[in-house]
Amino acid sequence: MKNKYSIFSLVKNAFSYHENWEKAWKDPEPKKEYEAIIIGGGGHGLATAYYLAKKHNIKNIAVVEKGWIGGGNTGRNTTIIRSNYLWDASAGLYDHALKIWEGLSQELNYNVMFSQRGVMNLAHNLQDVRDLKRRTHANRLNGIDAVYLNTEEVKKFCPIINTSPDIRYPVLGGTLQKRAGTARHDAVAWGYARGADEMGVDIIQNCEVKGIKRNGNNLEGIETTKGFIKTKKVGVVAAGHSSVIANMAGLRLPLESKPLQALVSEPVKPVIDTVVMSNAVHAYVSQSDKGELVIGAGTDDYVSYSQKGSHDIVEGTLNAILELYPIFSRMRMLRQWGGIVDICPDASPIISKTSIKGLYFNCGWGTGGFKATPGSGDLFAHTIANDEPHKLNAAFNLNRFVSGDLVDEHGAAAVAH
Amino acid sequence: MFIIHCPYCGEREQSEFKAGGEAHISRPKQPSELSDDQWAEYLFMRKNIKGVQYERWVHTHGCRKWFNIIRDTSNDQIQAVYKMGEKPPIK
């Protein structure tokens with residue numbers, strides 16, 4: 001049993017200058033065989049291992065990660081959490097995640113700094129207004145909190161927004177989900193890693209998967225840089241590299257991997273206490289607890305695994321930010337980076353079985369996977385343990401690209417993909 | 001961000017172009033005879049290669065002509081450019 005984090009453990013460890021804290025997770029070498037292996041040690045992968053161990057009583061699990069845990073898209077996103085999606089299937093999926101977020105810090109005994117500061121989506125033209133009103137109604141029918149705000153109410157909720165009718169894309173209104181917000185992305189990976197490790201999951205870092213070994217339609221194991229590991233069940237949660245793993249297994253996926261950029265400013269005093277997203281001009285902004293503005297930009301339209309995007313994408317986003325928030329005109333940007341996101345043709349994820357027995361994929365989250373981390377792990381664990389999807393992820397199967405039953409959230413999900 | 005050598009206009013910034021995805025996916029000759037699986041393969045399934053990939057681009061803010069590129073997607077280095085209908089210069 002790990003020591004519980006509390007005010008008492010903090011005081012106790014202060015006496016030894018915080019030098020004797022127990023390691024949050026071990027650093028084991030891989031065993032010869034596991035009951036299940038998760039490829040990818042990001043938030044989704046670690047959450048999958050955590051729920052497999054906790055809810056499905058599978059203890060002999062490994063998570064293999066080619067770099068360090070949380071070093072991919074988990075540590076590169078803009079930490080926005082919301083569930084105001086248009087379609088019933090998406091609303092069910094993302095609100096399932098949001099409900100887990102609400103109790104996650106207590107469940108993990110790890111402060112993920114979940115902050116329900118609200119997410120506001122702006123409308124800049126008549127079509128935006130109609131779409132956002134329609135989405136508000138759809139959300140409320142699905143039991144998701146959503147309100148429509150007019151221009152004055154937007155200004156009241158976030159006073160630094162320029163609501164002048166004279167700007168290029170004037171603010172005509174917006175929607176607000178008050179239960180939405182942000183969380184500390186690294187803490188999510190670390191919290192799940194600590195929780196999974198406590199239940200006996202081996203978290204193996206610096207271990208790159210080189211091949212998937214199968215005999216006909218049955219899985220035999222995975223080839224890695226740390227040798228062959230035998231297993232009958234593999235869950236792939238490799239985000240931008242999902243197609244790379246699929247190619248090893250001889251599968252093709254409906255994915256394209258593209259760079260998505262984000263940037264943060266120098267830290268300043270509190271100036272924006274919510275998250276504001278704008279679909280039409282593709283700019284979203286929030287402020288971290290350190291005081292940095294966290295700004296999300298768009299994706300490039302070409303396939304790339306280079307983890308850097310084009311300058312013109314950042315320029316376009318900052319143009320929009322400066323028009324909406326003239327107060328930021330002299331703000332300096334501190335860092336900029338890119339992550340590789342795997343995008344489905346319908347901009348919805350895949351949490352699914354495959355044609356190979358024992359091989360499962362959780363991918364296609366595109367530009368918006370962070371918010372779903374706990375729900376995605378929970379539902380993927382269910383799918384792996386039962387070899388059947390949960391009813392909340394049944395619609396997100398691979399076969400929808402054959403049947404045509406797509407979950408078309410492109411443009412309907414309140415932010416452009 | 002990188003420079004693309006348009007076969008019609010010469011060297012231009014990548015932001016003048018639009019990517020058209022994987023190249024050499026030919027339209028089915030007899031669409032009415034395709035199964036749902038074959039349609040899915042044609043419409044949605046992509047190689048999405050990490051490494052050397054054949055792809056189509058269009059010079060949107062220039063001559064507006066389509067052409068093919070061979071590019072390494074792991075570092076964005078372009079290895080060859082060739083016109084539509086031509087055979088790839090390297091295999």
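## A pocket and a two-chain contact

The second largest pocket holds about 520 Å³ of space. (A pocket is an open set of points on a 1 Å grid over the protein atoms alone, with a 1.4 Å probe fitting and protein on both sides within 12 Å along at least five of seven lines; its volume is the space filled by probe spheres set on the points.) This is a predicted model, where local features need pLDDT of at least 70 and side-chain atom pairs count only at pLDDT 80 or more, while totals for chains, interfaces and linings use all residues. Residues are numbered from 1 along each chain, chains are lettered from A in the order in which they are written, and side-chain values use heavy atoms, with hydrogens and water left out.

**Around the pocket**

- Its lining has 23 residues (each with an atom within 4 Å of a point), and A:T79, A:R184, A:H185, A:S288 and A:K290 lie nearest the centre.
- Helix 6 (185-198), strand 16 (283-287) and strand 18 (333-343) of chain A each chip in at least two lining residues. Helices (H or I, at least four residues) and strands (E, at least two) are DSSP runs, numbered from the N terminus.
- Sorted by class, the lining has ten polar, eight charged and five nonpolar residues. Here Ala, Val, Leu, Ile, Met, Phe, Trp, Tyr, Cys and Pro count as nonpolar, Asp, Glu, Lys and Arg as charged, and the others, Gly among them, as polar.

**Where chains A and B meet**

- Chain A puts 26 residues into the contact, and chain B puts in 26 residues (contact means heavy atoms within 4.5 Å).
- Together the chains bury about 2,200 Å², with 50% of it on carbon and sulfur atoms. That is accessible area (1.4 Å probe) lost on putting the two parts together, summed over both.
- In chain A, the residues losing the most area to chain B are A:R252, A:D301 and A:Y302, together 29% of what that side buries.
- There are two salt bridges between the chains (a side-chain nitrogen of Lys or Arg within 4 Å of a carboxyl oxygen of Asp or Glu). A:R252 and B:E41 meet in a salt bridge, at 2.7 Å from N to O.

**Chain B itself**

- Chain B has six strands and one helix, in the order β-β-β-α-β-β-β from the N terminus.
- Its C-alpha trace spans about 45 × 30 × 25 Å along the principal axes.
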